[in-house]
Amino acid sequence: MKNLIIIGSDVYARRVIKCIEALIRFGEEISIKGILDNNEEKNDVKGYKILDKIDNANLYNDEDTSFIIAIKNNKTRQEIADKFQEFDYYTVIHPKTHIGENVSIGKGSIIMDEVNIKDNTKIGNHVIINHGCIIDENVIVEDYVNLLQSSSLGKLVKLDSLTSIGKDVLVIPKICIGKKSIIKNSSIVIEDVGDNCIMEGTPAKIIKKL
């Protein structure tokens, strides 16, 4: 039995708990040990106890425990993973997700329900792919990326690290999106995007440089 500790207590923690509970119903030998979070006003998330602050995570690191960083902000996930590099991070893949052939998914990544990841795709570490996303063949998603609900990536798309893709976004095939860029909800991306850009619209245009 693997004990899981979830880092974070916001809506993403609730979504991860739902995924884990679904995995348990499907026979996965895991259990939720508790939550780590810095919000002192909360005592639990969906009935699971907040054990301690995130800074004290080392106190809970043992051979039977794996961690999941369930925090929306990409940079925060990276900072926590860098601080606790020695931890074992559990990869959450909801049982109602379709994974094609020759797909690799890195440590600590979270793949939610009704996601479709097609053949020959690479998903990095600590990536979050929300409900209903479609990722076509030969796509590369680097570390610490977040895709919100029902976004779609065409064939041969590449998302660089720390990129954020909003809800209902469409990225057409063969597009590259640079580091730390943000694509706003319902945008359609039809050309390459550089680093540190905020894009919006149909087609998406730069509205700000970070």
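Colleague: Why is Lys180 called partly exposed?

Modeller: Lys180 has 40% relative accessibility. Buried means under 20% relative accessible area and exposed over 50%, with partly exposed in between (1.4 Å probe, protein chains only), so at 40% Lys180 counts as partly exposed. Before we go on: this is a predicted model, numbered from 1 along each chain as its sequence is written, where local features need pLDDT of at least 70, side-chain atom pairs count only at pLDDT 80 or more, and totals for chains, interfaces and linings use all residues. Side-chain values use heavy atoms, leaving out hydrogens and water.

Colleague: And what is the phi of Lys180?

Modeller: Positive, about 60 degrees, although Lys180 is not a glycine. Most residues other than glycine have a negative phi. Lys180 sits in the loop between β20 (176-177) and β21; strands are DSSP E runs of at least two residues and helices H or I runs of at least four, numbered from the N terminus.

Colleague: How do you know whether His126 is buried or exposed?

Modeller: The relative accessible area of His126 is 2%, so this residue is buried. His126 also has a positive phi, of about 55 degrees, without being a glycine, and belongs to the loop between β11 (122-123) and β12 (128-129).

Colleague: What makes the span of α1 close to the expected one?

Modeller: Helix α1 (residues 11-25) has 15 residues and reaches 21 Å from first C-alpha to last. The expected span is 1.5 Å times one less than the number of residues, and for α1 that gives 21 Å as well. Just after α1 comes Gly27, with a positive phi near 100 degrees.

Colleague: How do you know that β23 pairs with β24?

Modeller: Pairing takes at least two DSSP bridges between two strands, and β23 and β24 (residues 204-209) have five, in the antiparallel sense. One of the partnerships is Glu200 with Lys205 in β24. The two strands form a hairpin with two residues between them. In that loop lies Pro203, and the peptide bond from Thr202 to Pro203 is cis, with omega near 5 degrees. On the parallel side, two bridges join β21 (residues 182-183) to β23 (residues 197-201).

Colleague: The chain has two helices and 24 strands; why is it called as compact as a globular protein of that length?

Modeller: The globule rule is 2.2 Å times the number of residues to the power 0.38, and the radius of gyration is taken over C-alpha atoms. For 210 residues the rule gives 17 Å and the chain has 17 Å, so it is as compact as a globular protein of that length.
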